[in-house]
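I opened my notebook for a fresh look at this structure. Here is what I looked up, in the order in which I did it.

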Amino acid sequence: MLIVLKGMTLIDGTGQVIENAVLVFDGEKIIEAGHADEVHVPTESIFYNLTDKFVIPGLIDTHIHLDMHGMADTYHESLVEDKLRTIRAALEMGNTIRAGVTTVRNAGSANYIDIAVKRAVDEELVVGPRILSSGKIICMHSAGSGYFPGLYYEADGVDENRKAAREQLKQGADLLKVMATGAIMNPGGVPGASQLDVDEIHAVVKEGRKAGKHTAAHAHGAQGIKNAIEAGVRSIEHGTLADDEALSMMVDNDIFLTSTLSSNFWMLNARGKIDIPQFMSEKAKEVSKIRQENLHRAISRGVNVMMGTDAGTPYNFHGKNAMEIIQYVKLGLMDEMDAIRAATATAARGIGLGDRIGTLEKGKLADCVVLRQNPLEDIEFLASLGNIYLVFKGGALISGEVDTAQWSPVSPLGPE
Ligand SMILES: [Zn+2]
């Protein structure tokens with residue numbers, strides 16, 4: 001049976017707004033999209049009359065850690081044993097899709113939990129977004145990697161990096177994640193310092209390409225960003241200290257930037273931040289302002305910026321993902337339409353799914369969110385669960401009117 005959504009205002013992800021619009025789904029795909037006068041509406045269909053509602057493409061979060069739960073001290077995440085973490089992660093993916101996020105790219109999980117959760121979603125054992133999983137994060141021997149047991153795969157030299165990439169692919173990874181610089185979230189990490197060398201990252205990129213998969217690089221410092229781009233990665237995660245040369249390289253090579261402002265936002269603003277380890281909040285404070293300024297520079301230079309939240313980091317609960325793009329608007333970095341595109345069309349291209357998702361057009365997968373209020377009027381409407389009327393993934397209705405009783409308590413709703 002075909003599904004018809006009609007009467008709504010369609011914000012289709014291409015930058016267009018269509019009043020009195022119609023979408024027709026056949027199975028998982030969109031077969032018609034446009035103004036009511038221009039679209040053939042089949043009579044034998046399931047109809048949703050969405051007059052006064054607003055429809056946007058399903059949101060895409062390109063940087064989460066699904067097996068981290070927003071605990072104040074990330075070290076405590078490691079103390080939750082894997083079987084329990086897997087179940088929690090699966091529940092949190094339910095929260096994520098109920099919040100309107102229909103696709104996520106996981107940027108590192110302990111012991112391949114992301115791959116297990118992805119399978120559970122694909123087999124429809126649990127409700128969740130479409131998941132791209134990275135497996136473990138490939139990094140060099142360094143002080144920080146012992147902080148999260150099972151999250152990192154240490155590799156030194158070209159041969160070990162090649163093998164590390166092959167291991168992730170063997171386990172079922174959809175993309176590869178490398179550490180081009182140090183990190184904020186572990187005590188030994190120096191965010192600005194370069195880590196894996198160009199030839200080491202290139203060995204990973206090359207293995208991924210052979211399998212049709214892209215590589216994402218964690219990179220704060222300018223030199224590490226340049227190393228990663230030279231090695232052929234598709235996206236830069238964080239990009240905190242990018243200099244002009246690094247930004248130009250991103251533009252020239254069509255690289256995507258995942259800024260993850262949310263990780264700083266929640267760490268610095270959430271209730272109970274006192275529990276956050278001092279080394280972490282100090283580093284977060286240090287980079288927060290720099291990251292905002294650099295994101296502004298990146299946007300003005302024309303870098304492809306896509307929504308990535310680092311969900312799972314302290315107080316950065318799964319299901320609060322939209323706060324990332326709300327920040328872009330609140331900080332004056334983007335207007336509402338561009339912010340929505342950063343979380344839909346641009347994000348889809350950035351994770352290599354631009355031909356399948358990200359816009360609501362004929363031939364694309366039917367992933368969309370129906371909202372009660374217009375996010376172009378106030379972007380904060382995206383953050384309110386009460387504003388989410390329906391969520392479809394691949395033509396299937398995932399949640400009817402959002403019932404907050406369905407919300408799993410593993411992920412508190414957090415401060416409103
Ligand atoms: Zn991350």
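My entries on aromatic pairs, the sheet, two helices and two single residues follow.

**Entry 1: aromatic rings.** I worked from a predicted model. How many aromatic pairs does a search of the whole structure find? I got 4 of them. One of these is F25 with F392, an edge-to-face pair with 5.5 Å from centre to centre and 75 degrees between the planes. I then checked where the two rings come from: F25 belongs to strand β2 (residues 17–26) and F392 to strand β17 (residues 388–393), so this pair ties together parts that are 367 residues apart in sequence. Both F25 and F392 are buried.

Next I noted F265 and W266, whose ring centres are 5.0 Å apart; their planes stand at 80 degrees, so I wrote this pair down as edge-to-face too. W266 has 3% relative accessibility and therefore counts as buried. Going back to F25 and F392, I saw that they form one aromatic cluster together with Y48. I also looked for a charge over a ring, and found the charged end of K53 over the ring of Y389, 4.6 Å from the ring's centre.

**Entry 2: the open sheet.** I traced an open sheet of 7 strands with parallel pairing, in the order β10-β9-β11-β12-β13-β14-β15. Which strands stand at the edges? They are β10 (152–154) and β15 (304–306); each has a single partner strand, so one side of each is left without a neighbour in the sheet. Ignoring direction, neighbouring strands here are turned by 30 degrees against each other on average.

I zoomed in on β11 (residues 176–179) and β12 (residues 215–219), which pair in the parallel sense over 4 bridges. M179 has H218 in β12 as its bridge partner. Helix α5 (residues 198–210) packs on this sheet and touches β9 (137–139), β11 and β12. The direction of α5 makes about 175 degrees with that of β11.

**Entry 3: H214.** I found H214 in the loop between α5 and β12. Is H214 buried or exposed? Its relative accessible area is 13%, under the 20% cut-off, so H214 is buried. Leaving aside neighbours within four places in sequence, I listed R105, L175, L176, R234, G350 and I351 as its contacts. With R105, the H214 side chain makes a side-chain polar contact of 3.0 Å. As for L176, its C-alpha is 6.4 Å from that of H214, while the two residues are 38 apart in sequence.

**Entry 4: Q168.** I placed Q168 in helix α4 (residues 157–171). With 0% relative accessibility, Q168 counts as buried. What does Q168 touch, not counting residues up to four places away in sequence? I noted Y112, S134, G135, K136, I138, Y153, A173 and L176. The side chains of Q168 and Y112 are joined by a polar contact of 3.4 Å.

**Entry 5: helix α3.** Last, I turned to α3 (residues 113–122), which is mostly covered, with 7 of its 10 residues buried. I wrote those down as I113, D114, I115, V117, K118, A120 and V121. They pack against α2 (82–98), β7 (101–106), β8 (130–132), α4 and β17. E124 follows α3, and I noted that its phi is positive, near 60 degrees.

Methods. Residues numbered from 1 in each chain as written. Predicted model: local features only at pLDDT ≥ 70, side-chain atom pairs only at ≥ 80, totals over all residues. Heavy atoms only, no water. Phe/Tyr/Trp six-rings, centres within 6.5 Å; stacked < 30°, edge-to-face > 60°. Helix = DSSP H or I, 4+ residues; strand = E, 2+ residues; numbered from the N terminus. Buried < 20%, exposed > 50% of the residue type's maximum accessible area, 1.4 Å probe, protein only. Lys NZ or Arg CZ within 6 Å of the ring centre and 35° of its normal. Polar contact = N/O pair within 3.5 Å; in protein donor to acceptor, adjacent residues only side chain to side chain. Contact = heavy atoms within 4.5 Å. Pairing = 2+ DSSP bridges. Axes fitted to C-alpha atoms, helices over the stretch in contact; angles between N-to-C directions.
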